[in-house]
Amino acid sequence: MKKLLLGAATLAVMAATGTAARADFTLNILHFNDFHSRYDSINKYDSNCGAEDEAEGKCFGGMGRLKAAIDMRRAALEGEGENVVLLDAGDDFQGSLYFTTYGSEVVNEFNNQLGIDVMALGNHEFDRGPEETAKLLDNADYTIISGNLNVSGEPLLAGKLKGVAILDIGGEKIGIVSALAEDTAETSSPGENVIFTNIEANLLGAVEALEAAGINKIVALTHDGFKRDEEIAAAVPGIDVIVGGHSHTLMSNTIEGAEAYPTMIGDVPVVTAGSYAKFLGELKVTWDDDGNVVSATGDAKLLDASVTPDETVTARLAELSAPIEELKAKVIGTATAEIDGSRDTCRAMECSMGDLLGDAMVDRAKEQGVTIAIQNGGGLRSSIDAGDITMGEVLTVLPFSNTLATMQLKGSDVIAALENGLSQVEEGAGRFPQVSGLKYTWTKAKPAGERVIKAEVMEDGAWAPIDPDKLYGVATNNYMRTGGDGYSVFDTNAVNPYDFGPPLEDVLADYIASLGGEYTPATDGRITEVE
């Protein structure tokens with residue numbers, strides 16, 4: 001497969017020698033997105049899967065399964081004379097200790113083995129600044145593109161990133177255009193020299209250049225979320241297919257509650273495949289002689305125990321895990337007393353671990369306008385003893401690989417969230433709401449749904465009643481933000497939600513370090529129960 005990387009100016013000169021289309025050209029698109037360095041397999045809660053669960057066939061995904069599934073499908077399709085392409089819609093950085101330890105090196109080691117044809121940059125590919133992004137670009141054996149950003153003013157990236165790729169497949173030229181979420185400067189760390197531009201305007205120009213060059217089969221490989229992809233499909237004529245990422249949206253024709261695979265926006269099929277390599281998407285697209293999509297079918301395959309992980313990948317991951325054990329022993333600070341994260345406390349009342357994590361979440365997201373944090377008590381799995389705090393202890397407290405999630409939420413919906421959190425306290429349910437930037441009084445004397453007596457937020461240095469009609473910036477974890485533990489209001493009513501910030505363990509460890517490495521646990525009365 002020959003790959004051509006061209007800018008819009010170069011594309012314009014190709015118009016005179018455009019490639020003639022042939023009727024009924026079919027392309028099989030294998031795709032994944034938002035892998036987030038989940039090299040080990042995960043369980044049904046998207047947390048790390050243990051050896052016992054693996055032996056019982058309860059695990060999903062992982063690089064070993066992803067590699068095996070891709071190899072199997074590519075071999076089967078090519079054996080039938082089919083055209084195949086593998087696309088990665090971005091966010092391979094961030095989300096596990098493999099990335100924390102090895103950075104882009106581990107990303108490229110495995111991505112280079114997958115046979116990726118084109119990858120779109122995700123916002124998390126900037127999490128360590130443009131320097132690590134440059135390392136990714138420099139050492140990739142595959143093509144990485146991103147359209148609506150200007151890197152010419154960033155010396156580390158200038159000249160290294162194109163906005164369009166052209167693949168020569170089965171005698172046809174396929175144009176791949178790309179887009180990255182415009183708020184990446186807020187959700188990651190690209191630096192002030194990387195400039196983001198309007199997605200639709202950029203894609204319109206790229207598509208027009210491709211069409212002028214005689215290329216009438218155009219796929220948009222995006223990392224801006226399903227809702228934006230819907231808008232792009234409606235606003236940018238000439239795009240035939242959208243393969244997306246960023247929102248972790250699952251499309252499936254067999255999983256209850258998933259979006260349809262593909263979802264048709266007008267005549268444009270849009271696909272995305274969840275996250276963490278739990279699924280591998282496969283879309284079969286057929287174009288007619290005029291470059292119109294005449295059929296688009298497929299589904300996302302669940303990578304469960306029926307897929308045997310690649311043995312070479314599994315062995316290499318075992319080697320790479322040794323230094324990770326050393327990382328767990330790293331001392332990140334000191335506790336002057338026990339930080340209480342016990343089940344009995346954190347699922348029933350304010351606990352010092354809940355206060356610490358909530359404060360860390362608000363501190364991490366304050367530049368995004370976040371002033372409130374709500375964390376489920378069941379997400380805190382242990383206490384930390386007085387003395388040295390190790391990264392391993394932090395990971396024991398937060399073992400689920402959850403990420404920081406942010407949104408805007410009306411005050412009335414914040415109250416609804418608190419009511420949900422208090423609705424099963426008699427049962428010791430994990431949904432009990434630990435908070436920061438928020439103060440509430442509640443009672444078990446009232447029935448579930450009526451237990452919040454008073455809720456206040458900090459405004460201008462003083463506590464004030466929460467305004468039911470005002471939008472507040474709220475941080476939580478990605479599990480809760482998508483409706484976990486009964487927090488459906490976060491899923492249905494969130495404004496501008498974003499679920500994929502840094503892992504909570506990093507948020508907590510960085511916050512402790514920012515305090516000078518020493519933390520004195522305490523509770524301050526932000527949660528009060530009355531009879």
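Two strands count as paired if DSSP finds at least two bridges between them, and the strands themselves (E, at least two residues), like the helices (H or I, at least four residues), are DSSP runs numbered from the N terminus. The close-ups below come from a predicted model, in which local features need pLDDT of at least 70 and side-chain atom pairs count only at pLDDT 80 or more, while totals for chains, interfaces and linings use all residues. Residues are numbered from 1 along each chain as its sequence is written, and side-chain values use heavy atoms, with hydrogens and water left out.

**View A. Strand 19 pairs with strand 24 and with strand 25.**
Let's begin with Lys 410, which stands opposite Leu 471 in strand 24. Strand 19 (residues 404–410) and strand 24 (residues 471–477) run antiparallel and share seven bridges. With strand 25 (residues 495–498), strand 19 also pairs in the antiparallel sense, here over two bridges. Look for Thr 406, whose bridge partner in strand 25 is Tyr 498. Strand 19 is mostly covered, as five of its seven residues are buried (buried means under 20% relative accessible area, exposed over 50% and partly exposed in between, with a 1.4 Å probe and protein chains only).

**View B. An open sheet of four strands has a helix packed on it.**
The strand order is 23-22-21-27, and the pairing is mixed. At the edges you will find strand 23 (462–465) and strand 27 (527–530), each pairing on one side only. Neighbouring strands of this sheet are turned by 25° against each other on average, direction ignored (axes are lines fitted to C-alpha atoms, for helices over the stretch in contact, and angles run from 0 to 180 degrees between N-to-C directions). Strand 22 (residues 452–459) and strand 23 are antiparallel partners over four bridges, and one bridge links Glu 459 to Ala 462 in strand 23. Helix 14 (residues 411–422) packs on the sheet, where it touches strand 21 (438–443) and strand 22 (contact means heavy atoms within 4.5 Å). The direction of helix 14 makes about 130° with that of strand 22.

**View C. Ser 188 is a buried loop residue.**
This serine sits in the loop between helix 7 (184–187) and strand 9 (195–196), and its relative accessible area is 10%. A polar atom of the Ser 188 side chain lies 2.8 Å from the backbone oxygen of Asn 123. Leaving aside neighbours within four places in sequence, Ser 188 is in contact with Asn 123, His 124, Phe 126 and Asp 127.

**View D. Asp 506 is buried yet has no salt bridge.**
You can find Asp 506 in helix 17 (residues 504–514). A salt bridge needs a side-chain nitrogen of Lys or Arg within 4 Å of a carboxyl oxygen of Asp or Glu. The nearest side chain of opposite charge to Asp 506, that of Arg 364, is 6.2 Å away (Lys and Arg count as positive and Asp and Glu as negative, with His and the chain ends not counted). Beyond its neighbours within four places in sequence, Asp 506 is in contact with Gln 94, Thr 100, Arg 364 and Met 391.

**View E. Ile 70 in helix 3 is buried, with a relative accessible area of 0%.**
Helix 3 spans residues 63–79. Not counting residues up to four places away in sequence, Ile 70 touches Leu 30, Phe 32, Leu 86, Leu 114 and Leu 280. The C-alpha atoms of Ile 70 and Leu 114 are separated by 7.3 Å, although these residues are 44 apart along the chain.

Definitions and conventions
A polar contact is a pair of N or O atoms within 3.5 Å; within protein, one must be able to donate a hydrogen and the other to accept it, and residues adjacent in sequence count only if both atoms are side-chain atoms.
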